[in-house]
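Please examine the structure shown below. The paragraphs that follow begin with one helix pair and then turn to the chains.

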Amino acid sequence: MALVLTEEQQLLRDTATQFFQERLPVANLRKLRDTRDAVGFDRDAWKEMADLGFAGIMISEKYGGTDFGPVGLGLVLEQAGRTLAASPLVSTVLLGGSAVQLAGNATQRQDILSAIAAGDHLMALALEEGPHHNPTKITTKAVAAGSSYRITGSKTFVLDGHVADQLVVVARTSGDSTDRSGITLFLVDPKTDGVKITRTLMVDSRNAANIEFDNVTVPGSAVLGSIDGGNDVLDQVLDIARIGLSAEMLGLVQQTFDVTLAYLKERKQFGKVIGSFQALQHRMAVLFAEIELCRSVVLDALSALEERRNEVPQIASLAKARLSDISTLMTNEGLQMHGGMGMTDQFDVGLYMKRARVAAASFGDSNFHRERYAALEGY
Amino acid sequence: MEALEQFRQETRTWLEENCPPSMRTPMPEEETVWGGRNATYPNPDSKLWLDRMASRGWTAPTWPKEYGGGGLSKEESRVLQQELRRIKARPALSSFGIWMLGPALLEFANEEQKKEHLPKIVRGEIRWCQGYSEPGAGSDLAGLQTKCEDKGDHYLVNGQKIWTSYADKADWIFCLVRTDPTKKHEGISFLLFDMMSPGVEARPITMISGASPFCETFFTDVKVPKKNLVGELNKGWTIAKRLLQHEREMISGMGLGGVGAGGGIGSLEQVAKDYFGETDGKIASPSLRDHITRQKMDSKAFALTMMRSAEEAKAGQGPGAASSIFKYYGTELNKRRYELLLELMGTQALGWEGDGFNDGEINVTRSWLRSKGNSIEGGTSEIQLNVVSKRVLGLPDD
């Protein structure tokens with residue numbers, strides 16, 4: 001297990017740290033929010049991220065990627081989490097890119113992966129159909145009509161859905177709504193007739209959309225992977241996203257901790273800094289312990305992906321459950337310890353709390369992942 | 001690497017020839033080997049195994065050979081542990097001398113003291129106990145009052161210790177004493193003496209588990225030779241603290257479901273299936289099932305953190321900040337595990353003795369009670385959190 005970083009990885013982390021601190025600080029997210037920016041992230045910054053190799057970090061050099069692997073991607077995401085940087089890393093790199101990498105045929109890989117690595121192609125996964133993550137309960141239907149398919153259904157919480165150049169749509173081609181098999185992935189151009197996209201404004205000021213598919217016709221070449229066999233690929237893609245998101249949440253949690261600790265050393269009441277009070281000290285010490293455990297599971301999950309270990313699903317659920325719970329705890333405690341100032345929009349801690357909840361709900365909250373872990377472990 | 005592989009082969013061969021078959025079976029608690037002048041060996045193979053291991057210094061593998069140790073490098077020692085685990089060998093010797101006192105002596109004692117005491121620890125000839133806590137000095141350990149006076153050719157010790165583990169069975173004690181009543185931390189010294197000395201009395205204390213592993217220990221005009229002072233007079237606190245680190249490392253390993261955790265009763269999920277029942281392969285209570293998952297996930301995360309800390313130390317990054325949380329987290333985890341076992345087993349984990357309960361069940365009851373002490377002994381959880389707050393997070397005193 002690689003729980004300690006190599007020199008090359010440390011270098012990448014330093015590059016990412018500098019980039020996000022200077023180019024995409026929290027002020028950037030505030031500006032996007034306050035101007036109701038139509039795109040929802042900074043396109044120029046995304047292009048710069050592609051130039052730094054972040055967009056192609058999971059993509060092999062053959063397609064113009066940097067192939068730094070999951071541990072490298074985790075380091076970038078952690079730093080992005082620290083500044084709440086809005087970017088298509090999750091939608092395009094973790095989800096879309098992984099799906100094409102795992103299931104795409106030679107043409108699809110060649111066309112799409114090199115465009116992602118260059119920062120020219122945005123993707124979105126149209127998966128969820130209700131308020132809770134449920135990758136097997138799919139009612140959106142795709143019906144064969146000659147050599148093409150007609151897709152009908154409604155999707156919600158599609159990350160970056162309103163700006164994507166291409167959608168990966170999870171649809172049912174056979175079986176009933178709760179069957180594990182019978183699911184197929186389709187690559188869909190969002191400009192196709194019958195696709196209706198509504199941007200949804202979420203509490204974390206990041207991008208999502210509801211998407212309606214009304215008899216949308218796609219050619220047979222739009223199928224990604226095998227007919228009815230989409231579930232295995234989807235599982236793998238989702239585990240990559242869960243682990244990547246856990247890395248982002250680690251950065252968010254660490255930053256909230258650091259900022260809160262600094263506040264406790266500065267804010268005075270009763271003539272002394274409030275960080276001298278044991279009631280607060282012990283809570284911070286407990287949080288410190290929980291975050292150290294968070295770091296260990298995220299690093300292990302990233303190396304499990306890198307080493308293609310069989311236990312990736314378990315460790316992905318472990319990481320996502322722990323980071324979802326601890327990010328909730330840390331942001332609640334951080335806000336409480338900031339007192340009234342924590343309730344103001346001027347202070348960042350509220351923004352971290354909002355992002356923490358959306359990230360926790362993405363691709364399964366801790367309840368989902370404990371349930372999944374128990375099932376995987378056979379009890 | 002080649003030399004290490006050769007060491008592995010030689011070790012494997014030696015263990016195959018020298019570890020008696022009965023020493024490769026799970027160890028009942030009463031067969032634990034503590035050594036000492038009054039040691040008993042219910043299983044004679046235990047003595048054979050101890051002597052063979054001690055002859056190579058492998059009861060203390062990394063200590064220098066000149067003091068009876070194995071003289072192994074860290075890497076070789078790791079190989080030895082792996083090979084011992086591979087054949088499921090029992091520990092040849094359990095010893096506070098090896099876990100706590102020895103490392104402190106190696107760092108702070110003079111040559112004569114090392115030569116005198118270390119080889120006897122390695123061979124299990126002398127069993128040691130720890131004289132730290134007093135009735136008035138628990139968490140505030142440095143407030144200890146056991147008086148030690150300089151009487152020219154000897155020291156005279158008067159006072160009382162408490163929670164002295166196995167003082168009634170130990171041969172010698174390493175003891176913190178007050179040599180300067182006008183100072184606090186700078187008035188403490190580190191003294192070694194024989195428990196057979198006139199004026200020493202140990203009385204076992206019955207604990208909530210029913211066992212009596214701890215004693216009250218009284219000292220009345222105990223004469224101690226001056227050569228038994230370790231380090232300088234009034235500089236004992238430094239040694240005391242270092243020794244506590246070793247103790248905390250020893251205790252924090254308990255959260256991993258290793259020593260005594262569950263007492264061979266099986267995995268949590270198996271216990272739940274056996275004692276509560278299952279439906280279609282799932283534990284029949286969704287709530288218990290969820291509690292088990294929380295426990296398993298936290299145990300795994302904790303184990304990964306211990307591994308990460310070890311890897312960081314190996315990579316020369318020093319003992320990371322993470323290690324400061326081990327005692328706190330490991331013991332709290334272990335307590336939670338026993339509370340969960342009680343929930344899973346219901347009234348079968350609430351028996352005390354006699355008919356109606358098997359040995360494993362009684363062991364869970366008793367171990368549950370014993371586990372409560374984990375977050376008190378060796379520095380309470382609250383003290384550990386103070387240490388993290390002040391030393392790691394840099395938060396100021398109130």
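**A helix pair between two chains**

In this predicted model, helix 11 of chain A (residues 366-376) and helix 8 of chain B (residues 286-314) have axes that come within 9 Å and cross at roughly 90°. Angles of 65 to 115 degrees count as roughly perpendicular, and the two helices, helix 11 of chain A and helix 8 of chain B, are therefore roughly perpendicular to each other. On helix 11 of chain A, the contact is made by Arg370(A), Tyr373(A) and Ala374(A). Helix 8 of chain B contributes Arg289(B), Asp290(B), Thr293(B), Arg294(B) and Met297(B). Sorted by class, this contact has three nonpolar, one polar and four charged residues.

The helix pair can now be set beside the contact between the chains as a whole. Here 33 residues of chain B are in contact with 32 residues of chain A. On the side of chain B that touches chain A, the elements giving two or more residues are helix 7 (268-275), strand 10 (282-283), helix 8, helix 9 (326-345) and helix 11 (381-392) of chain B. Helix 8 of chain B gives the most, with 14 residues. The residues on this side of chain B comprise 17 nonpolar, four polar and twelve charged.

Chain A itself has eleven helices and ten strands. Its radius of gyration is 21 Å, close to the 21 Å that the globule rule gives for 379 residues, so chain A is as compact as a globular protein of that length. Of the 379 residues in chain A, 53% are buried. Among contacts in chain A between residues at least 6 apart in sequence, 75% join residues at least 24 apart.

Definitions and conventions
Residues numbered from 1 in each chain as written. Chains lettered and ligands numbered in written order. Predicted model: local features only at pLDDT ≥ 70, side-chain atom pairs only at ≥ 80, totals over all residues. Axes fitted to C-alpha atoms, helices over the stretch in contact; angles between N-to-C directions. Helix = DSSP H or I, 4+ residues; strand = E, 2+ residues; numbered from the N terminus. Parallel < 35°, antiparallel > 145°, perpendicular 65-115°, else oblique. Contact = placed C-beta atoms within 7 Å. Nonpolar A, V, L, I, M, F, W, Y, C, P; charged D, E, K, R; others polar. Rg over C-alpha atoms; globule rule 2.2 N^0.38 Å. Buried ≥ 20, exposed ≤ 12 C-beta atoms within 10 Å, placed from the backbone.
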